[in-house]
Each structure stands twice: as structure tokens, then as C-alpha cells.
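Colleague: I am new to this model and would like a close look at one part of it. Please pick a single helix and walk me through its setting, step by step.

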Amino acid sequence: MPTRWSDLDGHRDRRVRPILIGMTVRYDEVLEPLRKAYDARATWRDGLTKEPWKLAERQAFRERLAPGARLLEIGAGTRQDSAYFQDESFVVVAIDLSATMVEHCLAKGIEAHVMDFLHLNFPFASFDAVFAMNCLLHVPNHDLPAVLAAIRAVLRPGGLFFVGVYGANESAEGPIDDDEYVPPRFFSWRTDQELLGFAADARFDVVDFHIADLGRGHRLQSLTLHRPDNE
Ligand SMILES: C[S@@+](CC[C@H](N)C(=O)[O-])C[C@H]1O[C@@H](n2cnc3c(N)ncnc32)[C@H](O)[C@@H]1O
């Protein structure tokens with residue numbers, strides 16, 4: 001079994017082992033532990049400095065957007081990327097499962113709501129773009145098709161969808177056994193082919209797929225998707 005970071009934002013290099021679970025994990029089971037874990041670490045996360053590769057990924061997505069585009073950031077955390085897109089004159093709405101994360105967004109002047117990926121309470125096709133950095137890795141594979149359908153529903157035909165997730169050469173699901181977050185967070189590690197397969201099944205076109213090398217054998221799967229114009 002490969003080893004991974006315990007801190008997935010790269011601020012530590014402590015390696016731990018993910019636990020493989022022999023049964024199917026479901027979205028509803030992981031939601032509450034994730035909410036507690038991220039509520040407790042929101043203030044700490046707000047103080048983190050973004051790594052250069054994260055800045056490069058969001059800038060590349062920004063350059064694909066038309067002026068004034070309406071962008072939804074899901075799993076927004078404490079607002080850094082939302083604030084960047086807002087400063088770039090896009091119309092930004094942020095959502096996160098964690099009420100504490102959302103408070104940080106609101107305090108920085110971002111329109112933000114406590115919502116989860118399966119309950120995006122927005123009109124059909126109401127966004128030109130969706131940005132999802134390091135959050136869809138918290139969705140079990142069993143429920144990822146439903147989550148992608150929910151995202152697709154709020155994205156207008158012709159709209160763009162960025163997905164950034166830490167990838168793996170073999171798939172695994174479960175909490176990390178040495179996570180410093182309490183309770184330990186659920187992760188789904190997907191191969192490149194798996195991730196691309198989910199995107200195709202959800203009827204997105206691939207605009208770009210590349211791997212960002214994060215060093216020490218770690219990699220980000222960067223995927224920019226397009227909702228076809230005629231659907
Ligand atoms: C690793 S953090 C990433 C935060 C931010 N996107 C960033 O790059 O710094 C994952 C975020 O996703 C949120 N999250 C996890 N599962 C979620 C779900 N099902 N619905 C909404 N937000 C979720 C967490 O609360 C957390 O803020």
C-alpha cells in the first residue's frame with residue numbers, strides 16, 4: 001500500500017497509510033465527520049500560504065473565463081480562491097459544508113452559503129463556471145456520479161468546471177489512519193483513468209487534463225471540463 005501525506009496541503013511531509021475499507025462507503029456517512037474536522041481546523045487553514053502550484057492552477061482557469069463570468073466555488077474553505085476570483089472582477093458565490101469555513105468567507109466579503117455538493121440550492125444553469133480545488137476527494141466513488149450531476153445541473157451549457165484532486169496509481173478509499181484532523185477525514189484516491197471515466201460518464205468534455213508534480217512523488221490531477229453547448 002502506498003504512503004501519503006497526512007496533511008494534504010503540503011505543509012508537512014509526514015507520511016501515513018490510508019486504510020482500505022472492504023465495504024462501500026457512502027456520502028451521507030462521511031459528511032458529518034468531515035464537517036466536524038473542517039470546522040475545527042478552519043482558523044488554522046485560514047493562516048496557510050497557498051503553494052505556487054495552486055496559484056498557477058487557479059490562474060490558468062481564470063484565463064479561460066470570460067470577463068464578468070459568474071463562478072461558483074464548491075468546498076471553498078476559508079475563501080482564498082474565491083477572493084482571488086472576486087478581485088479579478090468575476091461574480092463569485094462560495095459554498096462549503098463547514099459553517100466555520102463559510103463564516104471566514106462571509107467575513108472577507110464573499111457571498112457564501114453552508115451547503116453540500118449534493119444539495120446545491122441554485123437555479124438550473126445559473127453559473128458560467130465551477131471551481132473545485134481539493135474537495136471532490138472527499139466524495140466516495142459510489143456517490144461521485146450524483147455529485148457530478150448536481151454540479152452539472154447548476155453549470156450552464158458551455159460552462160467550464162475545474163477539478164483539482166490528489167491522484168494515485170491505485171485507487172483506495174477510507175480515512176487516513178494518522179490524520180491530524182479530528183475525526184479523521186475520508187478520502188477517495190483515484191487513478192487518472194478512473195477520474196477521466198467519471199467525467200465522461202457525467203457527460204462533460206475534457207478541455208485539459210494534466211498532472212502537476214508536487215514533488216516527493218505526489219501529484220495533483222488537474223482537470224478542466226466543459227458542459228457541451230447543446231445539452
Ligand atoms: C481540503 S479543503 C480545500 C479547501 C479549498 N478548496 C482549498 O483549496 O484550500 C476541502 C473543503 O471541502 C469542504 N467539503 C468537503 N466535503 C464537502 C461536501 N460534501 N460539500 C461541501 N463542502 C465539502 C470541506 O469543508 C473543506 O472546506
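Modeller: Happy to! One term first: a residue is called buried if 20 or more other C-beta atoms lie within 10 Å of its own. Please also keep in mind that this is a predicted model.

Let us take helix α3, which spans residues 80–87 and has Q80, D81, S82, F85 and Q86 as its buried residues. These buried residues pack against two helices, α2 (52–62) and α4 (99–107), and against the strands β3 (70–74), β4 (91–96) and β6 (127–133). After the helix comes S89, with a positive phi near 75°.

The strands that α3 packs against, β3, β4 and β6, lead us to the sheet. It is open and has seven strands in the order β5-β4-β3-β6-β7-β11-β10, with mixed pairing. At its edges stand β5 (111–114) and β10 (205–215); each has a single partner strand, so one side of each has no neighbour in the sheet. On average, neighbouring strands are turned by 15° against each other, direction ignored. At the β10 edge, nine bridges tie β10 to β11 (residues 218–226), and the two run antiparallel. G215, for instance, has H218 in β11 as its bridge partner.

Other helices pack on this sheet as well. Helix α5 (residues 144–154) touches β3, β6 and β7 (155–166), and its direction makes about 140° with that of β7. Helix α6 (residues 192–201) touches β7, β10 and β11, and makes about 20° with the direction of β11.

Now for the nonpolar side of the story. The largest nonpolar core has 51 residues, and V130, A132 and F161 touch the most other members. Setting aside neighbours within four places in sequence, A132 is in contact with I74, G75, F162 and V163.

One of those contacts, G75, brings us to the ligand, as G75 is among the closest residues to it, together with G77, L97, D116 and C135. In total, 17 residues surround the ligand: ten nonpolar, five polar and two charged. Helix α1 (residues 27–46) gives the largest share of this shell, three residues.

A last stop is G159 in strand β7. G159 has 23 other C-beta atoms within 10 Å, so it counts as buried. Beyond residues up to four places away in sequence, G159 touches F127, D128, A129 and R227. P228 is 69 residues from G159 in sequence, yet their C-alpha atoms are 7.9 Å apart in space.

Note on methods
Residues are numbered from 1 along each chain as its sequence is written. This is a predicted model: local features need pLDDT of at least 70, side-chain atom pairs count only at pLDDT 80 or more; totals for chains, interfaces and linings use all residues. A residue is buried if 20 or more other C-beta atoms lie within 10 Å of its own, exposed if 12 or fewer, and partly exposed in between; C-beta atoms are placed from the backbone. Helices (H or I, at least four residues) and strands (E, at least two) are DSSP runs, numbered from the N terminus. Two residues are in contact if their C-beta atoms, placed from the backbone, lie within 7 Å. Two strands pair if DSSP finds at least two bridges between them. Axes are lines fitted to C-alpha atoms, for helices over the stretch in contact, and angles run from 0 to 180 degrees between N-to-C directions. A nonpolar core is a set of buried Ala, Val, Leu, Ile, Met, Phe, Trp, Tyr and Cys residues joined through C-beta atoms within 7 Å. A residue is near a molecule or strand if its C-beta atom, placed from the backbone, lies within 6 Å of it. Ala, Val, Leu, Ile, Met, Phe, Trp, Tyr, Cys and Pro count as nonpolar, Asp, Glu, Lys and Arg as charged, and the others, Gly among them, as polar.
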